[in-house]
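Biologist: I've just opened this one and don't know my way around yet. Could you walk me through it?

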Amino acid sequence: MKRAYKFRLYPREHQKQILEKTLNTCRHLYNGCLAERKNTWEQQAKSISYKEQKRALVQAKKASLYLPQVHSQVLQDVVLRLDRTFQNFFRRIELRKQGVRIKAGYPRFKSRNRYDSFTYPQYGNGCEIKDGRLWLSKIGNLRIFMHRPIEGDIKTCTIRRDVDKWYACFTVETPNVARRRELRSSVGIDMGLTDIVTLNNGEKIMAPKHLRKSEKQLRREQRRLSRRKRQSNNRRKQRLKLARRHRRIRYQRLDFAHKVSRTLVNQFDLIGFEKLNIPGMMRNHRLAKSISDAGWQQIQTFTVYKAAEAGGLVRFVNPSGTTSECSKCGFQVPKELSVRIHTCPRCGLIMGRDLNSAKVVEKRVRWGTAEFTPVDTTPLQPSYRSLQA
């Protein structure tokens, strides 16, 4: 099993400059390799492979003043990152041929503010933790705050810039511990916008709406940014202020997802979610902001890996009909999104729409009509039925 550990770095001023130069060198290499692939295809209708560009790095380092200042495996990882981007591009093209509504997304050139990380693909070869500090080849010893011990074998190290902060992200391989606790309690969960989580036992967790609560401050900072002169120091400072505000919202959403997922895993052994097509649902522009602010995908992903470590199970059910089906008798009661009360004309059941849906999810999970998904959260085909049911 793979895990990731993220620790804060505190580089000195001259080390920050070296880190920024390393990012710029990697970005220029990425853009140069992308331009080479693009031009070769347009002029010769020929594709360039990862191995060809990797071999060309040897000659490129001899002719450049900046490439030798970056560790060789970091440069190779940049070329590999571009190759993976093209692989994802071709994969999306195949999905479009199969009828999936998705943008192909040809790889784009990276601007200075859109390239924020570089990776040492082999721990111990160019990067290592020594005496409580992180040693990076070509950069030096960086102060690192390790707030918890690392369990397992470290495989890779990624240095990431988040606005004005620096982090070290370690990918760790841990042994698969075959432990499975007894499935005594199960729960069905309905994800919503007002109540972000509704359990089949009636418990609800209100949506914190971090973005909505900060919109006033965001508008003010954005107006100030728009008034600043382009390419000026004042505009750069204001851009950082706005980015910090967005980062705070992102951290609030992250903290909330961790707390909700931990609560669910501690209380229940078998957890059921609807396998929602969240990207497809966000095409509804009236609900896209609220769905994004809710962070459904984040909560589900965190619950999956926490349950796997604790020996529990997470299952995903087909969302088709969970809202219209009566949890007591199974009769189909179609309703618009604005109708928040479920009323069954057959058995007379009256309860909240979200609670009824959670009971249906729990019933499908408990009777084994769901797909066990330890790590995969791939959505279904694009559809709006889960919103309009």
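Modeller: Sure, one term before we start: contact, or packing, means heavy atoms within 4.5 Å. This is a predicted model, where local features need pLDDT of at least 70 and side-chain atom pairs count only at pLDDT 80 or more, while totals for chains, interfaces and linings use all residues. Residues are numbered from 1 along each chain as its sequence is written, and side-chain values use heavy atoms, with hydrogens and water left out.

Biologist: How many helices and strands does the protein have?

Modeller: Both are DSSP runs numbered from the N terminus: helices are H or I with at least four residues, strands are E with at least two. The C-alpha trace they belong to spans about 80 × 45 × 45 Å along its principal axes. The tally for the protein is eleven helices and 15 strands.

Biologist: What percentage of the 389 residues count as buried?

Modeller: Buried means under 20% relative accessible area, exposed means over 50%, and partly exposed is in between, using a 1.4 Å probe and protein chains only. By that cut-off, the buried part of the 389 residues is 41%.

Biologist: Among contacts between residues at least 6 apart in sequence, what percentage join residues at least 24 apart?

Modeller: Here we set aside pairs less than 6 apart in sequence and look at the remaining contacts. Of those, the share joining residues at least 24 apart is 67%.

Biologist: Let's zoom in on H5. How far apart are its end C-alpha atoms?

Modeller: H5 covers residues 215–227, which makes 13 residues. The expected span of a helix is 1.5 Å times one less than its number of residues, so H5 should span 18 Å. The model agrees, with the end C-alpha atoms apart by 18 Å.

Biologist: Are the buried residues of H5 on the same side or on opposite sides?

Modeller: The buried ones are Glu 215, Leu 218, Glu 221 and Leu 225. Taking directions from the helix axis to the C-beta atoms, they cover an arc of only 125°, so in H5 they sit on the same side.

Biologist: Then which residues are exposed on the other side of H5, and which helices do the buried ones pack against?

Modeller: On the other side, Lys 216 and Arg 227 are exposed. The buried residues of H5 pack against H4 (210–213), H6 and H8 (288–294).

Biologist: Now Thr 198 in E9. Is Thr 198 buried or exposed?

Modeller: E9 runs over residues 195–199. Leaving out residues up to four places away in sequence, Thr 198 touches several others, including Gly 188, Lys 204, Asp 354 and Ala 358. Its relative accessibility is 0%, so Thr 198 counts as buried.

Biologist: And Lys 204: how far in space is Lys 204 from Asp 354?

Modeller: Lys 204 lies in E10 (residues 204–206) and is partly exposed, with a relative accessible area of 48%. Beyond neighbours within four places in sequence, Lys 204 contacts Asp 195, Val 197 and Thr 198. Asp 354 is 150 residues away from Lys 204 in sequence, yet C-alpha to C-alpha the gap is 9.6 Å.

Biologist: One last pair: what separates the C-alpha atoms of His 14 and Ile 139?

Modeller: His 14 belongs to helix H1 and is partly exposed, with a relative accessible area of 47%. Along the chain, His 14 and Ile 139 are 125 residues apart. In space, their C-alpha atoms are separated by 9.7 Å.
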